[in-house]
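Work through the exercises below with the sequence and the model open. Each task is followed by a solution in steps.

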Amino acid sequence: MESVHNSPTVASSPASFSLRRTLKARPELLLIPAVFVAVVVVWEAIIRFFEIPIYIMPAPSNIALALVNTGYLDNALYTLGEAMLGFLLAAVFGIVLGGLIAQFPLAEKTLYPYLIAIQTTPKVAVAPLFIMWFGFGMTSKVIIAATIAFFPILVNVISGLRSTDPARLELMRSLRATRWQIFTMVRLPGALPMIFAGLNIAIIFSILGAIVGEFLGSRKGLGNAIMQMNVNLDTAGVFATLFVLSAIGVCLHLLMSFLQRKALFWADSSRIPTV
Amino acid sequence: MSVMSIVRDTSFSQEAENAVNGPAAIVVEALEKTYATHDGGKVQALGPISVTVPQGGFMTIVGPSGCGKSTLLKLLSGLIPRSAGSIKVNGEEVHEPHRDIGMVFQSPVLLPWKTAIENVLLPARVLGLDMASSRVRAQELLDMVGLADFANRYPNELSGGMQQRVAIARSLIHDPSILMMDEPFGALDAMTREVMNLELLRIWRKAGKTVIFVTHSIPEAIFLGTHVMVLSNRPGRIADLVTVDLPAERGLDIMSTDAFGVYSKRIRSQFNTQGFI
């Protein structure tokens with residue numbers, strides 16, 4: 001009458017067999033690197049065939065050389081540091097403020113139009129002000145990153161807390177649960193899928209914020225490096241920097257997806273965006 | 001069982017009732033629920049209803065959809081305020097959800113991030129009961145509902161019937177004397193539903209609780225109940241109160257007996273005269 005959904009058991013088999021089987025089941029594991037190789041080969045061929053100057057468009061080989069010869073670690077860590085500090089600030093403020101706003105319906109109703117107005121304003125446009133107020137150091141970039149990352153978190157925290165299943169609230173009311181018990185036991189855990197979706201957007205936005213801040217005025221960081229290389233017509237260097245940036249982005253995304261899967265093992269997997 | 005009677009007119013004497021049946025678990029007098037309409041008028045949703053449920057009784061409430069069965073249950077449990085009348089649970093006037101009531105809803109309403117046993121323990125946590133002894137009790141309740149081996153499973157690993165059993169165990173963790181169930185098996189398939197009905201009767205006999213059970217199935221109402229309250233169309237009033245005099249130990253085969261058919265016919269005729277079939 002009743003069945004338990006067990007996870008499929010993996011049959012043990014020789015390594016070569018299981019590899020072949022895996023590739024058969026997931027051909028994209030082979031196709032993803034194949035696309036990369038194909039793009040690189042065609043790109044390299046076009047550059048060489050038409051003899052396009054390196055300062056207009058570098059070949060993949062030039063980019064690879066620039067990647068190896070230029071030290072990116074320092075700049076990458078600097079930018080990553082700014083972005084992560086900004087992200088943490090945004091996460092703490094976004095979750096706390098979102099939690100408070102969602103607890104008081106009047107506050108929510110009063111503030112919501114303003115939040116929407118601010119969210120729809122491009123925060124990048126405010127960045128020059130932060131440079132003016134907080135200088136060329138790390139602080140201004142952290143604040144720019146935090147500002148940009150803050151709103152997707154805040155909005156998702158509020159709508160996540162607001163969309164609590166009424167049946168769960170009724171259950172808690174039938175037990176005469178306090179406001180705090182309802183918040184910690186039902187509302188907050190139930191809002192986690194939405195909160196994680198916000199954090200996922202925010203962590204990428206925080207890198208964007210750090211780079212924009214560095215464009216506007218900075219002495220270090222990958223954004224600063226791109227500006228300098230652009231001035232020196234070091235196009236290969238710019239491409240190499242972009243490569244580093246996208247690698248950082250992918251790593252952060254994977255990290256968030258990992259945390260999400262750990263924290264939301266119970267949620268309907270179709271609701272969790274995966275890589 | 002047959003001596004148990006339910007007084008439905010408003011001018012009943014509680015002493016007389018108690019003398020016959022022992023103490024009453026729930027006493028409802030002239031209960032009404034009205035809603036205000038947007039143009040300032042009032043709509044009568046329910047009542048007036050007067051009824052007494054004896055301790056240890058199993059009252060099923062049956063009626064057409066929209067007649068206010070669920071509203072009546074929410075009123076009795078104190079989840080929504082009444083417009084008039086009085087509700088006494090174990091002699092105390094009900095104004096808010098009562099500590100001595102366990103609720104089972106139409107859907108299991110389990111928290112998907114908690115295991116079965118943690119879900120059962122939720123009321124104990126909310127009410128601040130001793131967790132060590134509650135944990136022992138939670139495991140006993142899971143044993144009782146036949147889920148001894150599923151304590152550490154998450155809800156999405158359990159079937160619909162199993163989830164509803166967890167919900168029943170949860171409603172009993174704080175040892176309430178009254179269990180209120182709002183169409184708890186409505187979403188289950190017919191086979192599972194019959195098994196759950198048998199389980200519920202077994203649990204009721206074992207735990208000795210007073211049960212109020214809302215359903216829209218006439219056979220389910222007769223099969224489970226010691227008393228069946230038939231509600232009329234909106235505004236829901238008591239159209240009939242049937243005392244079911246069938247053996248307490250009953251199996252599914254009782255549904256094909258003549259006695260069962262007589263009850264079924266009586267309730268169905270109420271439905272017919274009301275014009276809601």
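**Exercise 1. Identify the buried residues of helix α10 of chain A and the helices they pack against.**

Step 1. Helix α10 (residues 222–231) of chain A has these buried residues: A:Leu222, A:Gly223, A:Asn224, A:Ala225 and A:Ile226. A residue is buried if 20 or more other C-beta atoms lie within 10 Å of its own, exposed if 12 or fewer, and partly exposed in between, with C-beta atoms placed from the backbone. Helices (H or I, at least four residues) and strands (E, at least two) are DSSP runs, numbered from the N terminus.

Step 2. The packing partners of these buried residues are α4 (73–103), α9 (179–216) and α11 (235–263) of chain A. Contact requires C-beta atoms, placed from the backbone, within 7 Å of each other.

Step 3. After α10(A) comes A:Leu233, with a positive phi near 55°.

The model is predicted: local features need pLDDT of at least 70 and side-chain atom pairs count only at pLDDT 80 or more, while totals for chains, interfaces and linings use all residues. Residues are numbered from 1 along each chain as its sequence is written, and chains are lettered from A and ligands numbered from 1 in the order in which they are written.

**Exercise 2. Describe the packing of α4(A) with α7(A).**

Step 1. The axes of α4(A) and helix α7 (residues 138–162) of chain A are 6 Å apart, at an angle of about 35°. Axes are lines fitted to C-alpha atoms, for helices over the stretch in contact, and angles run from 0 to 180 degrees between N-to-C directions.

Step 2. α4(A) and α7(A) cross in a right-handed sense. A crossing is right-handed if the near helix is turned clockwise from the far one by less than a right angle, and left-handed if anticlockwise.

Step 3. The contact of α4(A) with α7(A) comprises 22 nonpolar, four polar and three charged residues. Ala, Val, Leu, Ile, Met, Phe, Trp, Tyr, Cys and Pro count as nonpolar, Asp, Glu, Lys and Arg as charged, and the others, Gly among them, as polar.

**Exercise 3. Locate A:Arg176 and B:Asp175 and state their exposure.**

Step 1. A:Arg176, a residue other than glycine, has a positive phi near 55° and sits in the loop between α8 (166–174) and α9 of chain A. Because 14 other C-beta atoms lie within 10 Å, A:Arg176 is partly exposed.

Step 2. B:Asp175, also not a glycine, has a positive phi of about 50°; its loop runs between α5 (160–172) and β7 (178–182) of chain B. B:Asp175 has 13 C-beta neighbours inside 10 Å and therefore counts as partly exposed.

**Exercise 4. How many residues does each chain bring to the contact, and of which classes is the side of chain B?**

Step 1. Chain B gives 23 residues and chain A gives 20.

Step 2. On the side of chain B that touches chain A, α3 (116–127), α5 and α6 (190–207) of chain B each supply at least two residues.

Step 3. That side of chain B has 15 nonpolar, six polar and two charged residues.

**Exercise 5. Assess the confidence of the model.**

Step 1. The model scores ipTM 0.81 and pTM 0.77.

Step 2. Mean pLDDT, the predictor's confidence in each residue from 0 to 100, is 86 for chain A and 82 for chain B.

Step 3. In chain B, helix α1 (residues 14–21) has the lowest mean, 39, and α3(B) the highest, 94.

How values were computed. Contact = placed C-beta atoms within 7 Å.
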